Amino acid sequence: MKRTYTLSEANATVPLLRTLAAEFADRRTLRRDLARQRYNLEQARTPEGLSQELAELDARIYEHDEVLFSCKREIEALGMSILRSVPLTIHIPGESKSGAVVFCWEEGEDHVCFGHPIGSEEDQRRPLRQKAV
């Protein structure tokens, strides 16, 4: 879906983005812990039930990957994209008084108050000059 948001519209999506970001962050942390457990088990090389335990960890990791992918699809369905997952940073295609812009929201922020000029989305995000109405 190709969509552009005004700053007010982008800010109206923040409650949904915060919910998705919380789920994303929880799953990201749990997945990282499971991957660490799996690595430690592999390194221990103890034969008692190792393959069963590894299979169970793989299944749990896969479950978290699926939820992370689902969160990503939901964000993309809104016409937005994820720049990075730590911290979760979402780009929102937008329109400002001066033209096209990419609004930039990071997990934990209450409002969309940063952005990028089109073409410089990989650069440091900049504070917005306009305020949401």
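**Figure 1. Ser81 and His91 face each other across a strand pair of the predicted model**. In this predicted model, Ser81 stands opposite His91, a residue of β2. Strand β2 covers residues 88-96 and runs antiparallel to β1, to which it is joined by four bridges. Strand β1 spans residues 81-85 and is one of the edge strands, pairing on one side only. Helix α2, residues 14-44, packs on the sheet and touches β1, β2 and β3. The direction of this helix makes about 160° with that of β2.

**Figure 2. A cis peptide bond precedes Pro87**. The loop between β1 and β2 contains Pro87. The peptide bond leading from Val86 to Pro87 is cis, and its omega lies near -15°.

**Figure 3. Five strands form an open sheet**. The strand order is β1-β2-β3-β4-β5, and the pairing is antiparallel. The edges are formed by β1 (81-85) and β5 (126-127), each of which pairs on one side only. In general, the strands of a sheet pair through backbone hydrogen bonds, in either a parallel or an antiparallel manner.

**Figure 4. Strand β3 pairs with β2** **and with β4**. Eight bridges link β2 and β3 in the antiparallel sense. Within this pairing, Thr89 stands opposite Glu106 of β3. The two strands are connected by a hairpin of two residues. Strand β4, residues 114-117, pairs with β3 over four bridges, again in the antiparallel sense. Here Val101 stands opposite Pro117 of β4. Seven of the eight residues of β3 are buried, so this strand is largely enclosed by the rest of the structure.

**Figure 5. Arg32 of helix α2 is shown with His64**. Arg32 has its place in helix α2. The relative accessible area of Arg32 is 40%, and the residue is therefore classed as partly exposed. Along the chain, Arg32 and His64 are 32 residues apart, and their C-alpha atoms are separated by 9.6 Å.

**Figure 6. Cys71 and Cys113 are shown with respect to Cys104**. A disulfide is a covalent bond between the sulfur atoms of two cysteines. With a cut-off of 2.5 Å between the sulfur atoms, the count of disulfides comes to zero. For Cys71, the closest cysteine sulfur is that of Cys104, at 18 Å, which is too far for a bond. Cys71 counts as buried because its relative accessibility is 5%. For Cys113, the closest cysteine sulfur also belongs to Cys104, and because the separation is 9.6 Å, it is too far for a bond. Cys113 counts as partly exposed, at 33% relative accessibility.

**Figure 7. Two arginines lie over aromatic rings**. The charged end of Arg3 sits over the ring of Tyr5, at 4.1 Å from the ring centre. Arg125 lies over the face of Phe114, and here the distance to the ring centre is 3.9 Å. As for contacts between aromatic rings, the structure holds zero aromatic pairs.

Definitions and conventions. Residues numbered from 1 in each chain as written. Predicted model: local features only at pLDDT ≥ 70, side-chain atom pairs only at ≥ 80, totals over all residues. Heavy atoms only, no water. Phe/Tyr/Trp six-rings, centres within 6.5 Å; stacked < 30°, edge-to-face > 60°. Lys NZ or Arg CZ within 6 Å of the ring centre and 35° of its normal. Pairing = 2+ DSSP bridges. Contact = heavy atoms within 4.5 Å. Axes fitted to C-alpha atoms, helices over the stretch in contact; angles between N-to-C directions. Buried < 20%, exposed > 50% of the residue type's maximum accessible area, 1.4 Å probe, protein only.
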